[in-house]
Amino acid sequence: MPFQQFLQHLVNAISLGSLYALIAIGYTMVYGILRLINFAHGDLVMVGAYSVFYAAAIFHLPWPLSFPLAILLTGALGVLIERTAYKPLREMPRINLFTSAIAVSFLLENLSIVVFGGRPKAFDRPAFLNANISIGRVRMLSYTPVIIFTGLVLFGGLMYVVHRTKMGMAMRALSRDIETTGLMGINTDRVIMFSFAIGSLLAAVGGILWGIKFPQINPLMGVTPGLKAFIAAVLGGIGNITGAMIGGFLLGLIEIMILAFLPHLAGYRYAFAYAILVLVLLVRPTGIMGEAAREKV
Amino acid sequence: MRIKRLVLLFVVVGLTASLLAACGPAPAEETTAPPSEGEAEEEVQLDEVVIGIYQPMTGAMAAGGEQTMQGIELAHSQKPEVLGVPVKIPLVDNRSDKAEAATAMQRLIEQEGATAVIGSYGSSLSMAGGEVAQEAGVPAIGASPTNPLVTQGNPYYFRACFIDPFQGRVMAKYAIEELGVERVAVIQDVAQDYSVGLASFFRSAFIEMTGDASQIVAFTSFQTGDQDFTAQLTSALGEEPDAIYAPGYYGDVALLARQAREAGFEGPLMGGDALEAPELIEIGGEAVENLYFSSHYHPDAELSPASRPFVEDFEAEYGERANAFAALGYDAYMLLMDAIERAGSFDKDAIRDALAATKDYAGATGTISMDENGDAIKDAVVLTVENGEFVYLTTVSP
């Protein structure tokens, strides 16, 4: 393979991986706090993308308005889900919470089919994200650096919140032991709600960027990103934000490079990509950045 | 806290009661209906004949299913009776899902009591349902599934469309003779029988016509629902093809086309009949200009004496121009009615035999005769996208 072509594959891989990473961060944060695999996370990605679509299609909002609005709406929906579907079940066996998460996921998907219609819709890309950038023979559109940059900024912001603020300290305490944290006078409900809000905001950003990169949205568009982000989170060590970031990039890299180096395996791409993941997890069962801490699932 | 709950409970009970009251009259009507008068008659004279429809109304192929349904409904409104008996067309959504398609067929046969079945958009979906229909001995006619395996070895399955070996040949010929293409990259959807079949038929026709297998410079795959095609495209474009043949479904190919243009490819893109949907243009935008594909029908192509009246009726009914799937849905329904009339009964085997004997039937999509497999032998058209519209280029005869 010519070096230029390899570079092009690398750019493609980073572009895809940064999206996985962004969605995986939200996934892993909720898990870190509650030990809950929030299956509805992928569907919040979809809601984020549709919110932008309808804000533009019905209310003709320009993107500087529609993006923040969609992100806030999705964040509110995330909190609503936590309050109605997860909070009442928190004291029950973990499997109840788990089942409730799957139910919420199906509910969102099917509701969207009814409300939005089953046919895919075109997602408009703002012009400034649609410009060609060529470096030598390597080409990309301007959304690629934007996605990577957004991912890094949000990652940095999240690290700051978790490690440098009082709320972050509460979140870390909660992830160790909810009951004891509560006994220390911390309002655990509020901290959990905050985590869900942040997680959902990240999902919405992921959804919008997903729509920008792959400008076609449909009610089931969140399923694949959700699943891949979950895998990325596990690969990086679930519950660990840095791990999710690394896991996301690694997943993108593996998916693309499998095809780049073994093109005749194109049809079995995922089988091979995920076989590699199984191998990684066999060698490091807790994921790349995971601590060998107690697992509660 | 407790009081709050009580209040809530009352509110909920009250709301439920008022809802129930609102739906009140419905159950009452049911009880007033005459009990079992029709049952005794049914053995002598059917009071309705059920033609079951199974189509993807949601999921990745929903656009195709909806378009087909428009055609079927138009045909049904023009011919609501056959042999003096009203026709009922219950629709079951197979959700673009192979497992669901078999269940949908089962439901049509067992619960709806279908005498015959129309469906489905999507070769894989048709095949999944086909086995069920064959076991039950129910004749089925597909509107647009083009993979040869849909009807092969299944004497109960027919179709109103041509099959992929012909379609692949049409596009190979057009690429060589009209577009002057020498080097082609083929990208197939491995999850779809339709796409895998069409890709390989195109490849063999192209190699046969050029006599040079090395001119297929890349042959790679994706899977339905994939959104990232950059890896396949980067590798394929590295071989510097003149054209890309991507016989997938409209949604995937629209994204693929955009990513191909973003990667700097400017040559013609080519594909098959499954590209014809408004979403191809909505999602693909400028990227699908200069895209060529084989199809069954175009309102500007006079394919048979029945084409023009269909175009006019369809526009009067829906206020838009018909596309291939609507036209094929229309033809599938009419072919079935024609067969029932020639059979002179609702006996499933008699209908099957009559369908098999169809000859020179003038349908909206051309003059249709069934071959020994139950496949329609008819013309194909080549279309392209120009300024966001599907434009008719030429007609190719078998």
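Reader: Happy to start small: in which strand of chain B does B:I51 lie?

Author: Let's begin there, keeping in mind that this is a predicted model. The strand that holds B:I51 spans residues 49–55 of chain B. Its name is β1.

Reader: Does B:I51 count as buried or exposed?

Author: A residue needs 20 or more other C-beta atoms within 10 Å to be buried. B:I51 has 25 C-beta neighbours inside 10 Å, so the label for B:I51 is buried.

Reader: Which residue on the list of B:I51's contacts also has B:I51 on its own list?

Author: Leaving out residues up to four places away in sequence, B:I51 touches B:V87, B:I89, B:A114, B:T115, B:A116, B:I118 and B:L336. From the other side, the contacts beyond four places in sequence are B:I51, B:A116, B:I118 and B:I141, and they belong to B:L336.

Reader: Which residues touch the most other members of the largest nonpolar core, and which helix gives that core its largest share?

Author: Nonpolar side chains tend to be buried together in soluble globular proteins. Here the largest nonpolar core has 225 residues, and those touching the most other members are A:I25, A:A49, B:I244 and B:L336. The largest share of this core, 17 residues, comes from α1(A).

Reader: Which element supplies the largest share of the side of chain A that touches chain B?

Author: In this interface, 22 residues of chain A are in contact with 27 residues of chain B. At least two residues each come from α1 (3–34), β3 (138–141) and α10 (241–261) of chain A. The largest share is 5 residues, and it comes from α1(A).

Reader: How many residues on that side of chain A are nonpolar, polar and charged?

Author: The side of chain A that touches chain B can be divided by residue class. It holds 2 charged residues and 8 polar ones, and the nonpolar count is 12.

Reader: Which residue in the turn between β2(A) and β3(A) has a positive phi?

Author: Strand β2 (residues 132–135) of chain A pairs with β3(A) in the antiparallel sense over 4 bridges, and A:I133 stands opposite A:M140. The two strands form a hairpin with 2 residues between them. The turn residue with a phi of about 65 degrees is A:G136.

Reader: Why is chain A called as compact as a globular protein of its length?

Author: Chain A has 11 helices and 4 strands. For its 297 residues the globule rule gives 19 Å, and chain A is as compact as a globular protein of that length because its radius of gyration is close to that value, at 19 Å.

Reader: Over in chain B, which strands stand at the edges of the sheet β13-β14-β15?

Author: This is an open sheet of 3 strands with antiparallel pairing. Within it, 3 bridges join β13(B) to strand β14 (residues 366–370) of chain B, and B:G363 stands opposite B:G366. Two strands have a single partner each, so one side of each is left without a neighbour in the sheet: β13 (361–363) and β15 (376–377) of chain B.

Reader: Which helix packs on that sheet?

Author: The helix in question touches β13 and β14 of chain B, and its direction makes about 150 degrees with that of β13(B). It covers residues 324–343 of chain B and is named α13.

Reader: One last overview: what percentage of chain B's residues count as buried?

Author: Chain B contains 14 helices and 17 strands. Among its contacts between residues at least 6 apart in sequence, 68% join residues at least 24 apart. Of its 398 residues, the buried share is 55%.

Conventions:
Residues numbered from 1 in each chain as written. Chains lettered and ligands numbered in written order. Predicted model: local features only at pLDDT ≥ 70, side-chain atom pairs only at ≥ 80, totals over all residues. Contact = placed C-beta atoms within 7 Å. Nonpolar A, V, L, I, M, F, W, Y, C, P; charged D, E, K, R; others polar. Rg over C-alpha atoms; globule rule 2.2 N^0.38 Å. Pairing = 2+ DSSP bridges. Axes fitted to C-alpha atoms, helices over the stretch in contact; angles between N-to-C directions. Core = buried A, V, L, I, M, F, W, Y, C linked by C-beta atoms within 7 Å. Buried ≥ 20, exposed ≤ 12 C-beta atoms within 10 Å, placed from the backbone.
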